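Student: I keep meeting labels like "buried" and "salt bridge", and I never know where they come from. Could we go through some of them together?

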Amino acid sequence: MAEPSLRIDKLLFFLRIAKSRTLAQGWAEAGHIRINGVRVGKGSAVVHSGDVITLPKGDDVIAVKILALPVRRGPPAEAQACYQLFK
């Protein structure tokens with residue numbers, strides 16, 4: 001059975017890191033996002049639980065370890081339970 005996965009643009013929207021899926025897709029297409037150290041070129045890039053995502057946030061660069069894949073864009077507390085943030 002295949003391991004559960006989610007598109008990077010959808011994931012960033014569900015985790016409330018991006019305000020919209022279109023914005024997250026733009027970040028990916030501009031090459032601003034890395035999954036496990038590999039630069040992403042499309043919003044359709046696949047993310048699995050346990051992956052580390054690196055992206056710019058303001059003047060900083062943040063790294064996020066995915067603990068669980070969300071099933072919706074829920075309240076902030078629900079979204080924050082799905083990842084661990086490294087600064």
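Tutor: Let's take the labels one at a time, keeping in mind that this is a predicted model.

Student: What makes Arg-7 and Asp-9 a salt bridge?

Tutor: Their side chains meet with N and O 2.9 Å apart. The cut-off is 4 Å between a side-chain nitrogen of Lys or Arg and a carboxyl oxygen of Asp or Glu, so the label fits.

Student: How do you know that Arg-21 and Asp-9 form a salt bridge?

Tutor: Same kind of check: the closest N and O atoms are 3.4 Å apart, and the rule asks for within 4 Å, so this pair passes. Arg-21 sits in helix α2 and Asp-9 in helix α1, so the pair ties together parts that are twelve residues apart in sequence.

Student: Which residues do salt bridges with shared partners join into one network?

Tutor: Arg-7, Asp-9 and Arg-21. The count for the model comes to three salt bridges, and one of them links Glu-78 with Arg-72 at 2.7 Å, N to O.

Student: Why is Asp-9 called buried?

Tutor: Its relative accessibility is 1%. Buried means under 20%, so Asp-9 qualifies.

Student: And why is Arg-7 called partly exposed?

Tutor: Arg-7 has 30% relative accessibility. Partly exposed lies between under 20% and over 50%, so that's where Arg-7 goes. Arg-21, at 34%, is partly exposed as well.

Student: Now the rings. Why are Phe-13 and Phe-14 called a tilted pair?

Tutor: Two checks here. The centres are 6.2 Å apart, and the limit is 6.5 Å, so the rings pair. The planes are at 45°; stacked needs under 30 degrees and edge-to-face over 60, so tilted is what remains. By this rule the count is one aromatic pair.

Student: Are those two residues buried or partly exposed?

Tutor: One of each! Phe-13 is partly exposed at 23%, while Phe-14 is buried at 11%. The line between those labels is 20%, so the two end up on opposite sides of it.

Student: What makes β5 and β6 paired strands?

Tutor: Six bridges join β5 to β6. Pairing needs at least two bridges, so they count as paired. They run antiparallel, and Val-52 stands opposite Lys-65 in β6. They also form a hairpin with two residues between them.

Student: How do you know that β2 and β5 pair?

Tutor: They have two bridges, in the antiparallel sense, and the rule asks for at least two, so β2 and β5 make it. On this side, Ile-35 has Ile-53 in β5 as its bridge partner.

Student: Why are β3 and β7 called edge strands?

Tutor: The sheet is open, with its five strands in the order β3-β2-β5-β6-β7. β3 and β7 each pair on one side only.

Student: What does Ile-53 touch?

Tutor: Among its contacts are Ile-8, Leu-11, Ile-33 and Ile-66, leaving out residues up to four places away in sequence. Ile-53 is also one of the residues with the most contacts inside the largest nonpolar core, which has 23 residues. Two or more core residues come from each of α1, α2, β5 and β6, and α1 gives the largest share, four residues.

How values were computed:
Residues are numbered from 1 along each chain as its sequence is written. This is a predicted model: local features need pLDDT of at least 70, side-chain atom pairs count only at pLDDT 80 or more; totals for chains, interfaces and linings use all residues. Side-chain values use heavy atoms; hydrogens and water are left out. Rings of Phe, Tyr and Trp (its six-membered ring) pair if their centres lie within 6.5 Å; planes under 30 degrees apart count as stacked, over 60 as edge-to-face and the rest as tilted. Buried means under 20% relative accessible area, exposed over 50%, partly exposed in between (1.4 Å probe, protein chains only). A nonpolar core is a set of buried Ala, Val, Leu, Ile, Met, Phe, Trp, Tyr and Cys residues joined through side-chain atoms within 4.5 Å. Contact means heavy atoms within 4.5 Å.
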